[in-house]
Amino acid sequence: MLNLKYLEKFDLNVPRETLEKINAYLLLLDKWNKTINLVAEKNIQSESFWNRHVIDSLQLIKHISRNSEISDLGSGGGFPGIILAIFGYKVTLFEIDRRKSIFLKQVVQNLGLDAIVENLDINVYDTNLSAVITARAFTALDNLIKIVYKKLPEKHKLILLKGENYQQEINKALSKYHMNISLDESITNQNSKIIIISDIKDASKNNSDS
C-alpha cells in the first residue's frame with residue numbers, strides 16, 4: 001500500500017521508511033475505524049482519502065522547523081498530529097474522546113513515536129503548550145485563540161488548516177486579538193488555506209492600556 005503515485009502528484013518527497021510507517025498507521029486506523037468513527041472516509045487506499053487526510057497533513061511540514069515540538073489540538077484519528085510524529089517531531093496530541101485517545105496511544109506505542117497523548121479537555125490544561133500548535137477541524141479561529149491564549153509561550157506559531165470560510169474566521173478573530181497572520185495555499189483544496197499565526201495579543205487589553 002505504498003501510495004507513491006499520490007505523493008508524486010504533489011511533488012512530495014517522503015522517505016520510503018517514513019511512508020512505510022504512514023502505511024502501518026493507516027492499517028491501524030482502518031482496523032479501529034470499523035468500531036470507532038475516527039474518519040468519515042472508509043477507503044484508506046483511495047486517492048480522495050490520501051488527499052483529504054495524509055497529504056493535507058504532510059503539507060504543514062514546510063512551515064515547521066526541524067527541532068520544533070508540537071501541540072496538536074483535537075487530534076481525533078491522528079491528522080495531522082500522528083503524521084507529524086511519524087516525521088520525527090515530538091508531538092503532544094490532545095484528544096478529549098477516551099476511545100480515540102486509546103487508539104492514538106496504540107499508534108504511538110506500535111510505531112515507537114516520540115509523542116504523548118493527553119486525554120483531557122484542553123480548556124482545563126494548565127501547562128504551557130508547545131511553541132508550535134497545529135489543529136484541523138478543531139474549532140473556530142477566535143475560539144481556538146481564546147482557549148490557547150494563556151497557555152502560549154512567548155514565541156509561538158499556530159499552523160492551522162482552514163476551509164473556505166477562513167477569511168470570515170480571520171476577521172472575527174482580528175476583532176478580538178492582534179496577531180501576525182500569513183496565508184499559504186492548500187495543495188489539496190483550492191478553497192482552503194493554511195493559516196500561520198504568531199505574536200498574538202489580546203486587543204481589549206492593549207486598548208485598556210493605551
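Here are some exercises, with worked solutions, on the predicted model above.

**Exercise 1: the nonpolar cores**

Work out which residues touch the most other members of the largest nonpolar core, and which elements supply that core.

*Solution.*
- Start with the membership: the largest nonpolar core has 46 residues, and I22, Y25 and L26 touch the most other members.
- Next, look at where the core comes from. Helices α2 (16-32), α3 (47-58), α4 (81-86) and α5 (98-111) each supply at least two residues, and so do strands β2 (90-94), β3 (115-118), β5 (157-162) and β7 (193-202).
- The largest share belongs to α2, with seven residues.
- Zoom in on I22. Leaving aside residues up to four places away in sequence, I22 touches W50, V54, L58, I83, I86 and F87.
- Don't stop there: a second, separate core has 23 residues, including F94, A135, L160 and I200.
- As background, nonpolar side chains tend to be buried together in soluble globular proteins.

**Exercise 2: helix α5, length and sides**

Check the length of α5 against what its residue count predicts, then find its buried side.

*Solution.*
- Take the length first. With 14 residues at 1.5 Å a residue, α5 should span 20 Å, and its end C-alpha atoms are indeed 20 Å apart, so expectation and model agree.
- Now list the buried residues of α5: S101, F103, L104, V107, V108 and L111.
- These buried residues cover an arc of only 160° around the axis, which means that they sit on the same side of α5.
- It helps to recall that an α-helix has 3.6 residues a turn, so residues three or four places apart point the same way.
- What does the buried side pack against? The buried residues of α5 pack against α2, α4, β2 and β3.
- Flip to the face turned away from the buried side, and you'll find the exposed residues R98 and Q109.

**Exercise 3: the ends of α5**

Describe what happens at the N-terminal end of α5 and just after the helix.

*Solution.*
- At the N-terminal end, D97 acts as the cap: one of its side-chain oxygens lies 3.0 Å from the backbone nitrogen of R99.
- Just past the helix comes G112, with a positive phi of about 65°.

**Exercise 4: salt bridges across the sequence**

The structure holds nine salt bridges. Take the pairs D56 with R136, K172 with D142, and K162 with E169, and say how far apart their atoms are.

*Solution.*
- Begin with D56 and R136, whose closest N and O atoms are 3.1 Å apart. D56 belongs to helix α3 and R136 to strand β4 (residues 132-136), so this bridge ties together parts that are 80 residues apart in sequence. Both D56 and R136 are buried.
- Move on to K172 and D142, whose side chains meet at 3.9 Å, N to O. K172 is in helix α7 (residues 166-174) and D142 is in helix α6 (residues 141-148), so the pair joins parts that are 30 residues apart in sequence.
- Are the two partners buried or exposed? K172 is partly exposed, since its relative accessible area is 47%. D142, by contrast, is buried at 9%.
- Follow this pair outward: D142, K172 and K176 are linked in a network of salt bridges.
- Finish with K162 and E169, whose side chains meet at 2.8 Å, N to O. K162 counts as buried because its relative accessible area is 12%, and the cut-off for buried is under 20%.

**Exercise 5: backbone oddities**

Find the cis peptide bond, then place A137 and D199, two residues other than glycine with positive phi.

*Solution.*
- The cis bond runs from F79 to P80, with omega near 5°. P80 itself sits in the loop between β1 (69-73) and α4.
- For A137, phi is near 55°. This residue is in the loop between β4 and α6, and is exposed, with a relative accessible area of 78%.
- For D199, phi is near 50°. This one lies in strand β7 and is partly exposed, at 37% relative accessible area.

**Exercise 6: a loop residue**

Place D126 and give its C-alpha separation from K150.

*Solution.*
- D126 is in the loop between β3 and β4.
- With a relative accessible area of 72%, D126 is exposed.
- Along the chain, D126 and K150 are 24 residues apart, while their C-alpha atoms are separated by 8.9 Å.

How values were computed: Residues numbered from 1 in each chain as written. Predicted model: local features only at pLDDT ≥ 70, side-chain atom pairs only at ≥ 80, totals over all residues. Heavy atoms only, no water. Core = buried A, V, L, I, M, F, W, Y, C linked by side-chain atoms within 4.5 Å. Buried < 20%, exposed > 50% of the residue type's maximum accessible area, 1.4 Å probe, protein only. Helix = DSSP H or I, 4+ residues; strand = E, 2+ residues; numbered from the N terminus. Contact = heavy atoms within 4.5 Å. Expected span 1.5 Å × (residues − 1). Arc of directions from axis to C-beta. Polar contact = N/O pair within 3.5 Å; in protein donor to acceptor, adjacent residues only side chain to side chain. Salt bridge = Lys/Arg side-chain N within 4 Å of Asp/Glu carboxyl O.
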